[in-house]
Amino acid sequence: MPSMKKVLCILALPVLTSGYASAADSIEAVALAFEQSANGQLQQWDLLIGDERVVTLDANGRMLSVFDASDSTLYTLDHTAKTYRISDAESVRQAAMKVQQGMRAIESRIASLPASQQSQVRQQLMASFPQRQAIAVDSRFVSNGKQGSFAGVDCQWYETEVDGVVVGQICATAPDQLAGGTAVYSMLESLTEMYTEMEMADLGGISLPIPENPMAPVARLGLIPVKMEQYDAAVSGGADVELMSIQRQKISPAALQLPPGFTRQDGTGDAGR
């Protein structure tokens with residue numbers, strides 16, 4: 001018959017091991033808090049970075065997307081439908097091709113209509129699709145030699161030029177100078193590739209369901225913006241963005257995973273990545 005001491009040890013074992021498991025399950029993460037102003041509206045959002053993932057959260061802490069830097073895949077959530085969409089440069093290219101094929105088929109039908117009706121039908125058709133704002137052909141960032149600092153991060157100022165006109169300025173830093181910067185830069189670079197695929201496709205202004213991130217174009221510099229100012233958003237199509245704070249914290253790995261109960265939008269697969 002086991003001694004009382006041994007019985008107590010056996011009873012305590014699950015409690016002790018669960019405590020150790022909880023500690024082992026927590027991982028180091030970085031939270032970057034941003035403020036964004038566009039069209040007179042102020043928004044707050046966070047980037048939660050850990051384990052090669054970047055989670056975008058709204059002001060209420062609700063997950064909007066998950067980017068997996070290990071394979072450059074973006075998961076975008078629809079909380080109303082409880083679904084998620086998977087995007088990468090190749091999937092955007094394939095989606096653009098499908099839209100092109102569909103538009104050509106529709107255009108051939110419109111061509112069979114009386115000439116007096118074609119223009120109106122075409123306008124009604126385009127109005128039924130989400131529209132994207134055209135990106136200027138000539139847009140670039142030019143260093144003005146000035147230095148800045150936001151949330152304790154040193155950065156270099158650049159003027160933003162669109163078609164040869166200065167429309168704003170950014171203060172950007174190297175990925176290795178920002179906590180979690182390597183994964184954030186990977187996300188911005190991947191988004192830029194997706195936007196490029198969409199722009200290169202002849203979609204007639206139709207937008208594909210890719211999250212808009214005004215920071216993404218700066219990835220062409222190999223940098224991450226910590227401050228963005230737009231002098232004329234109507235021209236640049238951008239927004240004012242500022243990094244407000246950086247926090248290191250311990251989190252559960254689940255905070256970097258898709259929430260349970262979400263299914264892939266095309267009906268295949270489920271949450272859990």
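**Close-up views of a predicted model**

The structure holds one disulfide. As this is a predicted model, the legends below describe computed features.

**View 1. The disulfide joins Cys155 to Cys171.** The S to S distance in this link is 2.1 Å. The link of Cys155 and Cys171 is right-handed, with 95° about the S-S bond. The pair connects distant parts of the chain, 16 residues apart: Cys155 belongs to strand S8 (residues 153-162), and Cys171 to strand S9 (residues 165-173). Both Cys155 and Cys171 are buried.

**View 2. Lys227 lies in strand S10 and faces Glu242 in S11.** Strand S10 (residues 224-230) runs antiparallel to S11, and two bridges join these strands. The side chains of Lys227 and Glu242 are joined by a polar contact of 3.0 Å. Lys227 has a relative accessible area of 12% and is therefore buried. Beyond its neighbours within four places in sequence, Lys227 is in contact with Phe150, Trp157, Gln169, Ile170, Cys171, Val241 and Glu242. One of these residues, Cys171, is also a partner in the disulfide with Cys155.

**View 3. Strands S1 and S11 run antiparallel and are joined by 11 bridges.** Strand S1 covers residues 27-38, and strand S11 covers residues 240-251. Glu28 stands opposite Lys250 in S11. Strand S11 is also joined to strand S10, by two bridges.

**View 4. Strands S4 and S5 pair in the antiparallel sense.** Four bridges connect strand S4 (residues 63-68) with strand S5 (residues 73-78). Within this pairing, Leu74 in S5 is the bridge partner of Phe67.

**View 5. The 12 strands form an open sheet with mixed pairing.** The strand order is S7-S8-S9-S10-S11-S1-S2-S3-S4-S5-S6-S12. Strand S7 (139-150) and strand S12 (263-264) stand at the edges; each has a single partner strand, so one side of each is left without a neighbour in the sheet. The protein has five helices in addition to its 12 strands.

**View 6. Confidence varies along the model, with a mean pLDDT of 79 for the protein.** A pLDDT of 70 or more is reached by 72% of the residues. Among the elements, strand S3 (residues 53-57) has the highest mean pLDDT, 97, and helix H1 (residues 4-25) the lowest, 41. Over residues 1-23 the pLDDT is below 50, and this stretch has one contact in the model beyond near neighbours in sequence. The pLDDT also stays under 50 over residues 267-272. For residues 267-272 the model has 12 contacts beyond four places in sequence.

**View 7. The accessible surface of the protein comes to about 15,400 Å².** Carbon and sulfur atoms account for 53% of this surface. Of the 273 residues in the protein, 38% are buried; among them are Cys155 and Cys171, as well as Lys227. Among contacts between residues at least 6 apart in sequence, 56% join residues at least 24 apart.

Technical notes
Residues are numbered from 1 along each chain as its sequence is written. This is a predicted model: local features need pLDDT of at least 70, side-chain atom pairs count only at pLDDT 80 or more; totals for chains, interfaces and linings use all residues. Side-chain values use heavy atoms; hydrogens and water are left out. Two strands pair if DSSP finds at least two bridges between them. A disulfide is a pair of cysteine sulfur atoms within 2.5 Å. Buried means under 20% relative accessible area, exposed over 50%, partly exposed in between (1.4 Å probe, protein chains only). pLDDT is the predictor's confidence in each residue, from 0 to 100. Contact means heavy atoms within 4.5 Å. A polar contact is a pair of N or O atoms within 3.5 Å; within protein, one must be able to donate a hydrogen and the other to accept it, and residues adjacent in sequence count only if both atoms are side-chain atoms. Accessible areas come from the Shrake-Rupley method with a 1.4 Å probe; for residues, only the protein chains shown count as cover.
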